[in-house]
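The exercises below are to be worked through with the sequence and the structure in view. Each task is followed by a solution that goes step by step.

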Protein chains: 2
Amino acid sequence: MPYRPTPRTEARRAEVRQRIVGAAIDQLADGGYASATVQAVAARAGVATGTVYRHFPSKADLFAEVFRRASGREVDALAAAVAPDGRPVTERIAAGVEAFARRALAAPTRAYALLAEPVDPAVEAERLAFRRAYRDLFAAVLAEGVATGEIAPHDTDTVAAALVGAIGETLTGPLGAPRRGQEALVAGIVSFCVNAIPRVDARMPVRAGGET
Amino acid sequence: MPYRPTPRTEARRAEVRQRIVGAAIDQLADGGYASATVQAVAARAGVATGTVYRHFPSKADLFAEVFRRASGREVDALAAAVAPDGRPVTERIAAGVEAFARRALAAPTRAYALLAEPVDPAVEAERLAFRRAYRDLFAAVLAEGVATGEIAPHDTDTVAAALVGAIGETLTGPLGAPRRGQEALVAGIVSFCVNAIPRVDARMPVRAGGET
DNA sequence: CGAAGGGGTGAATCGTGGTTCACTTCTTCT
DNA sequence: AGAAGAAGTGAACCACGATTCACCCCTTCG
């Protein structure tokens with residue numbers, strides 16, 4: 001039994017894997033998914049194309065992990081922004097929305113890739129998961145607010161999804177091109193979202209359905 | 001000068017062109033953009049693949065027109081739903097949102113293709129135009145409401161975009177798969193949107209920016 | 001009728017980029 | 001040292017689907 005991977009070798013291997021994922025993330029941030037060929041990623045990581053396939057069964061698998069990683073960061077950031085710490089839920093959601101928007105505007109290409117750029121169908125699933133995670137975070141805060149009576153009862157999942165969509169849409173327009181009036185845009189998005197949260201006094205014209 | 005196209009021949013030609021576009025739209029509705037190869041469209045239209053290229057310089061051009069056409073119908077439907085006819089603007093917007101949602105749920109695959117499916121970058125521009133058209137319709141109604149004092153002043157473009165995003169997001173989740181509680185979903189979306197419209201009495205925490 | 005084109009055809013071509021694999025290089029362990 | 005096997009290499013391969021083009025048929029009009 002002449003050769004068996006040692007911790008040292010395994011670490012080296014893991015390091016290469018990381019480098020590939022990192023290169024892919026950078027490539028995404030730089031030129032979007034369209035530019036992220038296996039060749040480009042490999043070159044960027046300083047390895048041969050074949051090496052990529054030593055670490056990932058396919059391009060789709062690589063990018064599934066890339067999306068998972070990149071969006072994980074975003075989700076964490078949002079989670080931190082809305083974390084319960086005594087603030088009223090409305091304020092926490094406002095902070096979350098603002099964090100979401102600012103991060104996206106700070107890295108437009110990546111945000112576009114994460115939110116809206118055409119990708120491989122297999123990768124699309126990861127994007128879905130990402131949006132769902134966002135929605136769930138908002139939904140949890142909303143549910144909390146309903147429970148404490150801070151806001152009116154409503155279908156928290158739908159509202160949370162709508163918030164995510166609203167933010168995404170208002171962002172993906174500006175993302176590709178201008179960068180004008182960012183502050184105003186952020187303020188607009190935040191006030192829209194805050195305003196959209198059902199107030200306890202609001203008389204919503206509900207006609208069917210309701211709680212989740 | 002032995003041969004020159006006559007109206008009769010031109011009509012025949014135009015008819016073939018229509019058939020191709022129609023076939024492409026149907027293909028989109030059936031299997032989404034992913035299934036819409038030039039071969040498939042040609043076969044469906046009952047012409048040879050080469051014929052497609054007699055009428056369109058490229059696949060992208062064909063589908064640009066297809067998207068324009070298909071989304072044109074949607075936009076028209078929305079325009080009709082929000083048309084000024086004495087109803088309060090809030091009600092008109094509610095009708096528009098409902099029409100949007102119902103149409104999408106009635107033809108899920110087409111709606112997904114129009115709203116969110118990964119497509120050729122060249123076609124993506126058409127989708128953008130589509131969303132913008134939607135946004136503009138909502139924005140116009142909102143502006144009208146602001147003018148008449150029915151609703152509070154706000155950044156109508158951002159709010160309109162947010163509405164479109166909210167509807168799209170809440171819809172594209174359910175689109176691919178289930179069809180459960182459609183009525184509840186529609187009701188949820190509508191009430192979210194109605195609720196999100198700035199009321200005259202609302203004290204929005206605006207911090208910057210404002211009117212368009 | 002027959003020449004002059006235009007429209008239609010569909011098999012072959014081509015470009016792109018993901019994936020493979022025979023080979024080289026590096027580690028480990030006796 | 002040298003055998004056994006893992007990791008890395010990158011040029012070649014391949015699948016897929018858009019696009020082309022040499023050829024056929026049909027319409028128009030002298």
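**Exercise 1.** In this predicted model, work out how the residues of the surface near DNA strand C divide into nonpolar, polar and charged, and where they come from.

*Solution.* Begin with the residue classes: the surface near DNA strand C divides into ten nonpolar, ten polar and five charged residues. Next, look for the residues that come nearest, which, of the 25 residues around DNA strand C, are A:Thr37, A:Lys59, B:Val47, B:Ala48 and B:Gly50. Then assign the surface to elements: those giving two or more residues are α1 (7-31), α2 (38-45) and α3 (49-55) of chain A, together with α1 (7-31) and α3 (49-55) of chain B. Finally, identify the largest share, which is the four residues supplied by α3(B).

**Exercise 2.** Describe the contact between chain A and chain B, taking the side of chain B as the example.

*Solution.* Count the residues on either side, and the contact is found to take 37 residues from chain B and 37 residues from chain A. On the side of chain B that touches chain A, α7 (121-148), α8 (156-176) and α9 (182-196) of chain B each supply at least two residues. That side is made up of 22 nonpolar, ten polar and five charged residues.

**Exercise 3.** Determine how the two copies are related.

*Solution.* Superpose the copies: a turn of 180° with a shift of 0.0 Å along the axis lays chain B on chain A with an RMSD of 0.1 Å. The two copies are therefore related as by a two-fold rotation axis. As a last step, compare the interface residues; 100% of those of chain B are also interface residues in chain A, so the copies meet through the same surface.

Terms used:
Residues numbered from 1 in each chain as written. Chains lettered and ligands numbered in written order. Predicted model: local features only at pLDDT ≥ 70, side-chain atom pairs only at ≥ 80, totals over all residues. Contact = placed C-beta atoms within 7 Å. Nonpolar A, V, L, I, M, F, W, Y, C, P; charged D, E, K, R; others polar. Near = placed C-beta within 6 Å. Least-squares fit on C-alpha atoms with pLDDT ≥ 70 in both.
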